[in-house]
Amino acid sequence: MPERLFVCTPSKLGAYADCPRRYRYSYVDRPAPPKGPPWAHNSLGASVHTALKNWYALPADRRRPEALAVLLKGTWVREGYRDDEQERAAYRRALGWLESYVETLEPDADPLGVERVVAVKTAVLAFNGRADRIDSRPGPDGPELVIVDYKTGRTGLDTDDARGSQALALYAYAAERVFRRPCRRVELHHLPTGTVAGHDHTVESLARQLTRAEETARDIMAAERVVADGGDADEAFPVAPGPRCGWCDFRRHCPTGAQTPGKEPWAAVDRPAAEG
């Protein structure tokens, strides 16, 4: 019998790469341990992403900066903030980011996809993911696709971030096969600074990222088999302690993570101490 494919998203692969124990709590243990409180920075990012999605859903003649306040208010997620004052400040910053960002866009230019799901199967993976935006741009031999990912964290990004992003590479690999057009360019659009970090992949570099993803999937499936056969789950999914522990949804349930001071849900949107 052929080995089953590993069904995955970028976040599923990333959870294991960051910490196998966190992967176990999220995807293996049933019932899953309850998560901690919602994070304000996730609420902020989701609000901005949805506002941009809805901006592109408007007729082209209504895609103007003045439409953004209504769009952002309609998509605003309120969870995780310390108080109303912090929430209002975050809203004002987010609106400023959006207004500056859409000034760089052509209102009548429709992307090939917005919040578009792309999927592909390999010998190991059944991958699917939702790309923030897929552009079609002129290339030397005809139209080429570009993967655009919005970022709202405090930390700026550079070409190394774009080149090293497994998620962006997998989106590009899948989009090329879904739309049957070349897709090698990936971009991180950092709204707080208005900067774009991009990288042009080659066939070989995309293949290397795919191989990495397949190796991760094999490791996960091997660990899941150990647990299914009655093995020690803690050994199969070891903890990877580090700075991320303070931000982990499952810190309270992890003996190692519980030794790390937890971050407040609103800490990443506090301007003096924010993290990207």
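Here is a short chat about a predicted model, its strands, a pocket and a few odd backbone spots.

Reader: Before we start, how confident is the predictor in the protein on average?

Author: This is a predicted model, where local features need pLDDT of at least 70, side-chain atom pairs count only at pLDDT 80 or more, and totals for chains, interfaces and linings use all residues. Residues are numbered from 1 along each chain as its sequence is written, and side-chain values use heavy atoms, leaving out hydrogens and water. pLDDT is the predictor's confidence in each residue, from 0 to 100. Of the residues, 97% score at least 70, and the protein averages a pLDDT of 95.

Reader: Where does pLDDT stay under 50?

Author: Look at a stretch for which the model has 13 contacts beyond four places in sequence, a contact being heavy atoms within 4.5 Å. The stretch with pLDDT under 50 is residues 272-276.

Reader: Which residues does the UniProt domain annotation cover?

Author: The record is an unreviewed entry, and its label is "domain: PD-(D/E)XK endonuclease-like". UniProt positions are given in the numbering used here, feature names are shortened, and annotations may be inferred rather than shown by experiment. In the model, the annotated part is 46% helix and 19% strand, with its end C-alpha atoms 27 Å apart. The annotation covers residues 9-255.

Reader: Which strand does strand 1 pair with?

Author: Helices (H or I, at least four residues) and strands (E, at least two) are DSSP runs, numbered from the N terminus, and two strands pair if DSSP finds at least two bridges between them. Strand 1 (residues 6-8) has three bridges to a parallel partner. Cys-8 stands opposite Phe-127 there, and that partner is strand 3.

Reader: How many bridges join strand 2 and strand 3?

Author: These two form a hairpin with three residues between them. Ala-119 stands opposite Asn-128 in strand 3. The pairing is antiparallel, and the count of bridges is eight.

Reader: Which residue is the bridge partner of Ser-136 in strand 4?

Author: Strand 3 and strand 4 (residues 142-151) are antiparallel over seven bridges, in a hairpin with two residues between the strands. Gly-139 has Gly-142 as its partner in strand 4. For Ser-136, the partner is Leu-145.

Reader: Do strand 4 and strand 5 pair in the parallel or antiparallel sense?

Author: Val-148 has Glu-187 as its bridge partner in strand 5. Seven bridges link strand 4 and strand 5, and the sense is parallel.

Reader: In the hairpin of strand 5 and strand 6, which residue takes a positive phi?

Author: Strand 5 (residues 183-190) and strand 6 (residues 195-200) are antiparallel over six bridges. Glu-187 turns up again here, opposite Gly-198 in strand 6. Four residues lie between the strands, and the one with a phi near 70° is Gly-194.

Reader: Which residue has a positive phi although it is not a glycine?

Author: Check strand 2 (residues 113-121). The phi is about 50°, and the residue is Glu-115.

Reader: Which residues does a cis peptide bond join?

Author: Head for the loop between helix 2 (20-28) and helix 3 (40-57), which is the place of Pro-31. Omega is about 0° for the bond, and the pair is Arg-30 and Pro-31.

Reader: Which strand gives the largest share of the lining of the second largest pocket?

Author: On a 1 Å grid over the protein atoms alone, a pocket is an open set of points where a 1.4 Å probe fits, with protein on both sides within 12 Å along at least five of seven lines; lining residues have an atom within 4 Å of a point. This pocket has a volume of about 230 Å³, the space filled by probe spheres set on the points, which are joined across faces, edges and corners. Its lining includes Tyr-56, Arg-133, Asp-135, Ser-136 and Arg-137. Four lining residues come from the strand with the largest share, strand 3 (residues 125-139).
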